[in-house]
Amino acid sequence: MNSIPLVDLAAQHAAVAREVAEGWQQVLATCAFIDGPQVAAFESEYAAFIGTRHCVGLANGTDAIEIALRALGIGPGDECILPANTFIATAGAVCRAGATPVLVDCADDGTYLIDVAAVEAAVTARTRAIIPVHLYGQAAPAERLMPIAERIGAVLVEDAAQSQGARRNGMAAGALGHAAATSFYPGKNLGAYGDAGAALTGSDDVATRMRMIKNHGSARKYEHQLVGVNSRLDTLQAVVLSAKLRRLADWNAGRRAAAARYDTLLAELDEVARPRTLDGNEHVWHLYVVRVPDRDQVLKELQAAGIGAGIHYPVPIHLTEAFAGLGQPEGTFPVTEQASRELLSLPLFAEITAAQQERVVSVLKSALG
Ligand SMILES: *Cc1c(COP(=O)(O)O)cnc(C)c1O
């Protein structure tokens with residue numbers, strides 16, 4: 001019985017293996033492991049791809065959120081509004097910046113994206129940032145959040161870790177706010193061969209601050225204007241990212257075709273709630289997330305059949321031990337909480353075959369009994 005992984009990194013690697021090997025040979029020949037010219041090259045390629053002025057390569061996506069916030073002057077005493085339905089890093093990075101995360105529920109419309117009305121309701125005199133997460137590969141409605149941010153003098157910082165190449169009303173996710181953060185964790189739509197990330201902004205001043213913060217608070221060697229961190233994009237990773245970026249549009253198209261095929265295959269299964277795409281969105285399907293009854297049992301049966309289904313995310317942030325201090329018990333965010341019990345991510349990657357998808361759906365069907 002052939003197993004079907006949630007993501008297939010081997011297939012992706014095969015497509016860029018030669019290019020990466022040649023690029024790495026050049027890095028090895030020059031030993032420019034830190035800040036080699038390949039880093040600046042990737043930064044400008046990615047900025048052009050997103051359509052923003054600046055891309056600052058960083059060590060990972062979590063640092064990117066923290067550094068974007070700090071570069072915008074967010075710190076202790078400031079509140080940042082973010083969705084409870086996201087990877088924990090979004091909230092963790094706010095804390096690392098010294099600010100206070102304020103969680104809100106996700107919309108009850110099948111998108112699982114941040115609820116704009118809940119953001120309105122969570123605004124206080126201390127709100128300094130709104131952090132929408134472009135979850136599962138589609139953009140949150142940033143054009144509805146920007147007016148709120150502007151009205152209260154806050155900034156919009158996008159968590160674009162799951163949305164490389166996604167567009168909203170023609171604009172790229174990552175270019176919809178004052179700054180954005182993205183992750184090149186291997187399983188993301190654009191993935192490195194280890195940890196990597198980037199912060200994006202259209203502002204020269206903010207970009208300058210991002211570059212200082214990621215480099216020990218220094219614009220020039222041994223001059224330190226503030227206490228920064230060490231968070232650099234490795235030259236070796238930049239080589240991988242440049243090679244993969246050239247194929248990202250094709251890969252995203254492959255994911256889109258696979259998502260459309262799941263939509264068709266699942267249409268006959270009444271128990272399965274399919275994902276919904278917000279009007280105006282060009283989705284890049286980082287994950288294909290359905291809702292099913294008796295999810296844990298269904299997941300067990302899929303896994304027993306060798307199908308790498310997953311859950312994103314099984315425990316909402318406010319119910320983790322790490323954020324118990326927020327004092328928000330079960331029942332605080334009912335949409336997110338119900339989703340955490342029913343969501344199921346099906347295998348999805350550019351190279352998945354029709355036969356593999358048919359097998360996923362047939363096992364799913366029998367698991368639903
Ligand atoms: C992956 C991810 C991050 C964190 O990125 P790392 O590179 O793993 O630090 C942050 N937010 C979201 C929504 C993510 O999916």
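This talk describes a predicted model of one protein, beginning with its domains and ending with two unusual backbone positions.

Good morning. Let me start with the overall division of the chain. The protein is divided into two parts, domain 1, covering residues 9-241, and domain 2, covering residues 248-367. The C-alpha centres of domain 1 and domain 2 lie 24 Å apart. Across the boundary, 45 residues of domain 1 are in contact with 36 residues of domain 2. Please keep this boundary in mind, as we shall return to it.

I turn now to the sheets. One open sheet is formed by seven strands, and their order is E1-E9-E8-E5-E4-E2-E3. The pairing in this sheet is mixed. For those new to the subject, strands of a sheet pair through backbone hydrogen bonds, either parallel or antiparallel. Which strands are at the edges? They are strand E1, residues 54-58, and strand E3, residues 100-104, each of which pairs on one side only. From one strand to the next, the twist averages 25 degrees.

Let us look at one pair within this sheet. Strand E2, residues 79-83, and strand E4, residues 127-130, pair in the parallel sense, and three bridges join them. If you find Ile81 on your screen, its bridge partner in E4 is Ile130.

A helix also packs on this sheet. Helix H7, residues 204-214, touches E1, strand E8 (179-183) and strand E9 (197-201). The direction of H7 makes about 10 degrees with that of E1.

There is another open sheet, formed by three strands in the order E7-E6-E12, with antiparallel pairing. Its edge strands are strand E7, residues 171-172, and strand E12, residues 281-282. Strand E6, residues 167-168, pairs with E12 in the antiparallel sense over two bridges. Here the bridge partner of Arg167 in E12 is Glu282.

Next, the spaces in the structure, beginning with the pockets. The largest pocket has a volume of about 440 Å³. Its lining comprises 27 residues, and those nearest its centre are Phe87, Ser183, Tyr185, Lys188 and Tyr313. Which elements supply the lining? Helix H3 (61-71), helix H4 (89-96) and E8 each supply at least two residues. Of the elements, H3 gives the most, with three residues. By class, the lining of the largest pocket holds 13 nonpolar, 11 polar and three charged residues.

Where does the largest pocket lie with respect to the domains? Domain 1 and domain 2 both give residues to its lining, so the largest pocket lies between them.

We come to the cavities. How many cavities of 30 Å³ or more does a search of the whole structure find? The search finds two. The largest cavity has a volume of about 60 Å³. Among the residues that line the largest cavity are Tyr112, Tyr136, Gln138, Arg276, His283 and Trp285. Its lining has six nonpolar, four polar and one charged residues. Domain 1 and domain 2 each provide at least three residues of this lining.

The second largest cavity has a volume of about 40 Å³. Its lining includes Val7, Asp8, Gln12, Lys188, Arg255 and Phe349. Here the division is four nonpolar, two polar and three charged residues. You may recognise Lys188, which lines the second largest cavity and is also one of the residues nearest the centre of the largest pocket.

Finally, I wish to point out two positions in the backbone. The peptide bond from His312 to Tyr313 is cis, and its omega is near 20 degrees. Tyr313 is found in the loop between helix H9, residues 295-304, and helix H10, residues 334-342. This residue has already appeared among those nearest the centre of the largest pocket.

The other position is Tyr136. Although Tyr136 is not a glycine, its phi is positive, at about 65 degrees. Tyr136 is placed in the loop between E4 and helix H6, residues 142-152. It too has been named before, as one of the residues that line the largest cavity.

To close, I return to the boundary between the domains. The largest pocket lies between domain 1 and domain 2, and the lining of the largest cavity draws on both of these domains. Thank you for your attention.

Terms used: Residues numbered from 1 in each chain as written. Predicted model: local features only at pLDDT ≥ 70, side-chain atom pairs only at ≥ 80, totals over all residues. Heavy atoms only, no water. Pairing = 2+ DSSP bridges. Helix = DSSP H or I, 4+ residues; strand = E, 2+ residues; numbered from the N terminus. Axes fitted to C-alpha atoms, helices over the stretch in contact; angles between N-to-C directions. Contact = heavy atoms within 4.5 Å. 1 Å grid on protein atoms, 1.4 Å probe; cavity = no way out; pocket = protein on both sides within 12 Å on 5 of 7 lines; lining within 4 Å. Points joined across faces, edges and corners; volume = space filled by probe spheres on them. Nonpolar A, V, L, I, M, F, W, Y, C, P; charged D, E, K, R; others polar. Domains from an automatic or database assignment.
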